[in-house]
Every structure is written in C-alpha cells, then in structure tokens.
Amino acid sequence: MEELGRLSVHLVQQGVWDMPLESMPLASGYLKACVQTDERVRDHVDVSIRNFRGGVTLMRMANELFADGAPDVLAFSVLGWNIREFGALAETFKQLNPRGLVVFGGTHVANQAERTFRMFDDVDVIVNGEGDLVLPDVLDAYLRGVDRTALGDIAGITYKDAGGTVVTTPARPRIQDLDVIPSPFLTGAIPLLDDNDRFRYDVALMETNRGCPYKCSFCYWGGAVGQRVQSFSRARLRAELELFARLKVHTIVLCDANFGMLRADEEFVDDVIDLRERYGYPRAVEASWAKNKSKVFFNIVRKMKKHGMRSSFTLALQTLDDTALHLMNRKNMKVNDWEDLAAWLNREGLDAYAELIWGAPGETVESFLEGYDRLSRHVSRIAVYPLHLLPNTDYAEKKAEYGIVSVRGNVDDFEYILSHNTMSFADNRRMKRFLFWARVMAENAVLRGTWVAIRDLSDLTQSQVLTNLDAFVHQVDDPAALPLRAWVAEAENSNTACGDAIKYLFGDPVARELLERWWTESVRPLLPPERGDLFDEVFRYDLLTQPYYHHPDAAGRPERLDTETIRGERYLRRSGVTMRYDVAALLVALRTGQVTPTDLTAREHTVDLFYRQGAENFIGSTNHEEVVHFIGLTRDEVEAAAAVRAAKRDAEDADEDAQQVQGGRQGLSLTLSEHGGYS
C-alpha cells in the first residue's frame, strides 16, 4: 500500500528509583538502534527516547511527551512499577491522536494480553518476548497502511481484530545471533552525555548474553527461562566497554541472568581489566552472578582480586529450607552447596552478599530465620526481598495449589503475597518488620563490620540483634525514633519505606546518636563484657566509614572534609581518626579466619579515612550494590588497589619496552645482514 509519510515515534521508559541521576534506558536503546538501522523504516521514521526517573508525576510525563504535539506511535517498555502510569498516558495520547498507535512490550505484559487489554483499552499491540526485531515490523506495517486490526503477519504479538477479538500470532523464535541487534551505544541510539559533557547515568547497563538454563518458580527472566544462553560477540562488547572507559564510567552493571558461567564471561572480565589499566575505568563490575559456581567463576574472581577490580559476589540462595527449595524448582541446583564457597570468599577477603526471599511457599517464620542466621555466620550482607507474584511464573500458575492469597499494589501492579499454606497473615506482618531492619541495617550496610564481630566473637545471632533494634526503636523515649517508627509501620504494607530510613540513618546526626544510644543501652549488655571495648570500636568504625552524605533535612551543615587525589582518583579525607584497635585489620582477620591475639589486643591506632564522592546519587535507592562503593576506606586500602593497577601498568610497559628492544635488535640484525655483516 502507499506509504503514509514520515512517522514520529516515542519510546517511553521509566526507572523504578527516584534518584538525582537517570537510569540508563537500555531496552529503549535497543529498540531505537534496531529501527534506525532497518532498511524498511529508517528513512521514514523519527524515533526518540523519553526516559523518566521513578517518582515523576503523570502530569510531568504528559507535558514532556505531548506539549509539542502527539507522536504517531507511542511504544512503552512496561514493568510492574510503571504499567498504570503508562496505561494512563496511552489514554491521554489517544485523546490527542485517535489514529495513533500504542505498543506495550516488556515482561509484565508479555503473554498477558487479555488482562492488559481489559485494563487499558487504548493499547493496540502487545509484544510477547523480545521486541528488538518486532518493533521495526510493526512500524513497517504502519507505514504501508496496514490496519492495526490486521497485523496477523507479524510474529510474536497480540492485537485486537476488527471485531474486538484478541488475536495472538505465532511466537517468534528467540534471537540466536545477538549481534544482529545493533549496539545502542556504538550507534548513538542512547545519549550518553549530559549538557556538561559528563556521563549522564548512575551506572552503565550492559548485556553480555541472553537466556537462563534454570526454571525457578518465582522468575520470568525476559521469557528466557529454561533456555540456552546466547552471547554477544567479544569484539562488540569490548568496543562498548572502551566507549564507557573513555567516558570514565565508574561502574558497569550487567543485566545477565548468570554472569560467570561461560568462558566468554571470563574474556569479558579480561577486557574490562585491560581497559581499566589503559584508561583508569571502569572501576567496578556488578552482576547477577552464576547460580552454580564453575571454574570460570573462580578464575574471574581471582583475576578481579588480583587487579583491584571491585564487585559484590552473590550467593543467590533465596531459601535454605528443603521444602521451599523443592517448590521453587531449585532443590537439585549446586548453588545449595554454598558454605564452602562462602568460606573461600571470606578467606580471599572479597565482598560477598547473599539473597533470600521471604514468603516462598513451603517456608515458615522459623525455617526462614534459621536460614537467615545460618547464612549470616558466613555473609554479613544479606539482601532479603518479599516474594511478589509475577506474571508467567510457576508460582502464579499454581496460586490455588499453594493457597496463595495476594493483593495488587496501589502504586504498582505487582501481586503482594499476604498468606499461603505455610504463612499466615500474622506471620507475614511480623516478618515485614524484620525485613525492614534486615534491608536497612545489613543489606544496605548501615552496619557492616559489627555483624562480623558479633558472629565471630559472641553467641548473639544477627536476627536477634535486628529484633532487638526493632523493640528499642518502638520503646525508647526519643524524638529521633519517631520517623523510624513511622517507616516500620509503612513497611508492613509496602516496600517503599526502606530508602527513607537509609537516608536518615546515613545522613542525619540525630539518627546516628539514636543508633549509639541503642548500642550502648540495648546491645552492649548482651555481648561478652571482656570484649566490650573491642565491640564498641568496631561499631564506632562502622559509623565513621558510612558513605559521606548529609541529609537535606538534617540540622546544621555538612561536615567539611579535605580532599586528596590518590593515583588519579579524588577522595574526601577524614584525617587523624584515633582508634583503640586497628579495626580494619581486625575485620580482615575475622573474615579470613586468621585472627591472632594481636588483632584482639587494644593498641592506639590513628588512621585517615577516604570517601568516594557522589553517594547522594545512590543513598535511598536501596541499590545496595552501589552503596558499598562509597564506604570509607583506609589509605592502605586505597593505595593497595591503586598499587595493583600501577604494578600491572608497569609490567605491561616493561613488556612493551622489551618487545621494542627485541624488535630493534631484529631490525639491526636484518640491516647488517643486507650489507654483508653478521646476522
């Protein structure tokens, strides 16, 4: 059919966190890159990414999207936290442009067309699965004048025919050669710099592969569960990494389901290390690490440690209860043999954290807390999340079998579990309070070393300490406890209160004074008295090494710290901190199991502490993988990492010099031979 003309296409994405910096719109970037390189549509389409932070109001999004006129096509990357906003924007869009086309794609709407169309009648097309190659097909049909009710030739979508019947076309095979998807970075599809020519996002998001070989009951990893993993080429990934290195991107966050499983993952880390030595960046890589740790994983960990690369290595256990593991389809996974791995990571002195899910069918309060404390004997930072019922998962399909009672969120579209066969309403409310403190104090590292000292030098469990804090906050006569009480009450009914508490405890001096009072009055009496001074110093050290951050509502001015540049990186410096113990050395000894009487002996120790700047961009987001990169370090810790990098560069320079000398000798030999000399 005759072309309708040049199309205006807006790709809309919204992050979950309301932070000063944007979250990178990776999904929209893939779509834009595919549209701009598709021969059928690229010369007939103007495509733009409209990326919004979490917390942005509908009014603001509507004004930014439509103030200069409505586009022809509005395509949304839909997740549970933004589906309602995007449905409302679709309704506004159709008021402005009734002939316009609305496309929904993403894990929350894939294979959920009946419900999605009932909720949002203004949606025209739903993408089931990968949308990278689907959107150009949809735009091509639109350009050719194909009616939106007659899209049956496009695989992998659902639409409504002329009679209103919902039609789902055959599934589109997953993309086998991922390099057919143009890079959103190398093509310029995603804008990388702000108005001051600085990297504009909180972190750089990358995929090195797609797919997941497991079928966990709670997960729907982009529709790729139980499927073979496909990788992007090494050359492409290195080119993307080099671009980020040139832009001085501190942290690369990988969107892979099981990084560290493939030989290609080790090659990726080799390239990260090489580029860091050349450009100084990136400084850290965060990933969802492979559930089953292979030789490749151990090689990667050793290399990252050797070269001073930072990461948080994950023990993605989810539960330690056999019944819950069976219902989770994880009973036979090697990940359950985790204790030796945790001990190895501790001996290596590496930052590791574990993941647990509260509320899984088969789990009870008693089994969960037993598992939490067992895990905390090995890993101090435990990320604990309440189970949500997600579309397309095994749990969702067996809801009646497990007796699951749930309710939809009022600001999102997740199903929040209230009870099931092994968890009562009362159990869940009790544990929501526990989860609040576990997430704030342990997962987000308000305390860090304290957990290590308590587990190794006392009989207290981590859950007992957290429960103690909850009781103290609700009983103490102190105005500083009032905000925390309110957030705990809110946490019983939502998941949004933790971020406010983290900002308060990190950034307001009155909150810090409350923690000190709790420690002195409620925890210290429970600890071995002969080690009281040592515990006090570890707790004090935790408070001193919290990220440098001043809450905007806190009284007074922020603490003024000097700055110092160490091996090319600028830090804030707190000088001349006098400690009664060498706490940094003690914590290393405890983690590695090499404690000596000297480590436990009081001796005055003066230390300078160094803080990476920019913590305000992450604190409160509950993004604990990033927060830990802002924890205060000693000069020795900063210098050690820098020395590793410098030694590597010196070795490479020496090798290069040797190669040049050898090359020169060979050239001299060849020249003399040509003139009858020696060879």
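This is a dialogue on reading features of a predicted model.

Trainee: Where should I start with a single residue, say E415?

Mentor: Start with its place in the chain, then ask how covered it is. E415 is found in strand β18, which spans residues 415-419.

Trainee: Is E415 buried or exposed?

Mentor: The test is relative accessible area, and buried means under 20%. E415 has 12%, so it is buried.

Trainee: Which side chain makes a polar contact with the side chain of E415?

Mentor: That of K399, at 2.7 Å. K399 also appears in the list of residues that E415 touches, along with H388, L389, S406, V407 and R408; residues up to four places away in sequence are not counted there.

Trainee: Can we try the same reading on D536? Which helix holds D536?

Mentor: D536 is in helix α19, residues 532-544. Its relative accessible area is 18%, and because the limit for buried is under 20%, D536 counts as buried. The side chain of D536 makes a polar contact with the side chain of R524, at 2.2 Å. Leaving aside neighbours within four places in sequence, D536 is in contact with W519, R524 and R580.

Trainee: What about a residue such as A342?

Mentor: The steps do not change. A342 sits in helix α10, residues 339-347. With 2% relative accessibility, A342 is buried. Beyond its neighbours up to four places away in sequence, A342 touches L315, H378 and V379.

Trainee: How far is A342 from N128 in space?

Mentor: Their C-alpha atoms are separated by 39 Å, and the two residues are 214 residues apart along the chain. You can read H44 and D179 likewise: 135 residues apart in sequence, and 24 Å apart from C-alpha to C-alpha. H44 lies in the loop between α1 and β2. Its relative accessible area is 22%, so H44 is partly exposed.

Trainee: How do I read a nonpolar core?

Mentor: Look for buried nonpolar residues joined through their side chains, and then ask which members touch the most others. How many residues are in the largest core here, and which stand out? It has 174 residues, and M24, F244, F436 and M441 touch the most other members. Helix α13, residues 425-443, gives the largest share of this core, nine residues. Another core lies apart from it, with 23 residues, including A62, V78, V102 and F104.

Trainee: What does F436 touch?

Mentor: Not counting residues up to four places away in sequence, F436 touches W487, V488, A491, A497, C498 and A501. Two of these names return when we look at helix α17, where C498 and A501 are among the buried residues.

Trainee: How many residues of α17 are buried?

Mentor: Eight of its 10 residues, so this helix, residues 498-507, is mostly covered. Besides C498 and A501, the buried ones are G499, I502, Y504, L505, F506 and G507.

Trainee: How do I describe two helices that meet?

Mentor: Give the approach of their axes, the angle, the handedness and the residues in contact. Take α6 (residues 234-246) and α7 (residues 263-279): their axes come within 10 Å and cross at roughly 30°. That angle makes α6 roughly parallel to α7, because the label applies under 35 degrees. The crossing of α6 and α7 is right-handed. Among the α6 residues in this contact are R234, L237 and L241, and the α7 side includes F268, V272 and Y279.

Trainee: At what angle do α1 and α5 cross?

Mentor: At roughly 50°, with the axes of α1 (residues 26-37) and α5 (residues 134-143) coming within 8 Å. That makes α1 oblique to α5. This crossing is right-handed. L31, C34 and V35 of α1 make the contact with L135, P136 and L139 of α5.

Trainee: What should I check in the backbone?

Mentor: Check the peptide bonds and the phi angles. The bond from Y281 to P282 is cis, with omega near -5°. P282 lies in the loop between α7 and β12.

Trainee: What is the phi of N329?

Mentor: It is positive, about 65°, although N329 is not a glycine. N329 is in the loop between α9 and α10, and at 43% relative accessible area it is partly exposed. N392 also has a positive phi, about 75°, and is not a glycine. The place of N392 is the loop between β16 and α12.

Notes:
Residues are numbered from 1 along each chain as its sequence is written. This is a predicted model: local features need pLDDT of at least 70, side-chain atom pairs count only at pLDDT 80 or more; totals for chains, interfaces and linings use all residues. Side-chain values use heavy atoms; hydrogens and water are left out. Helices (H or I, at least four residues) and strands (E, at least two) are DSSP runs, numbered from the N terminus. Buried means under 20% relative accessible area, exposed over 50%, partly exposed in between (1.4 Å probe, protein chains only). A polar contact is a pair of N or O atoms within 3.5 Å; within protein, one must be able to donate a hydrogen and the other to accept it, and residues adjacent in sequence count only if both atoms are side-chain atoms. Contact means heavy atoms within 4.5 Å. A nonpolar core is a set of buried Ala, Val, Leu, Ile, Met, Phe, Trp, Tyr and Cys residues joined through side-chain atoms within 4.5 Å. Axes are lines fitted to C-alpha atoms, for helices over the stretch in contact, and angles run from 0 to 180 degrees between N-to-C directions. Angles under 35 degrees count as roughly parallel, over 145 as roughly antiparallel, 65 to 115 as roughly perpendicular and the rest as oblique. A crossing is left-handed if the near helix is turned anticlockwise from the far one by less than a right angle, and right-handed if clockwise.
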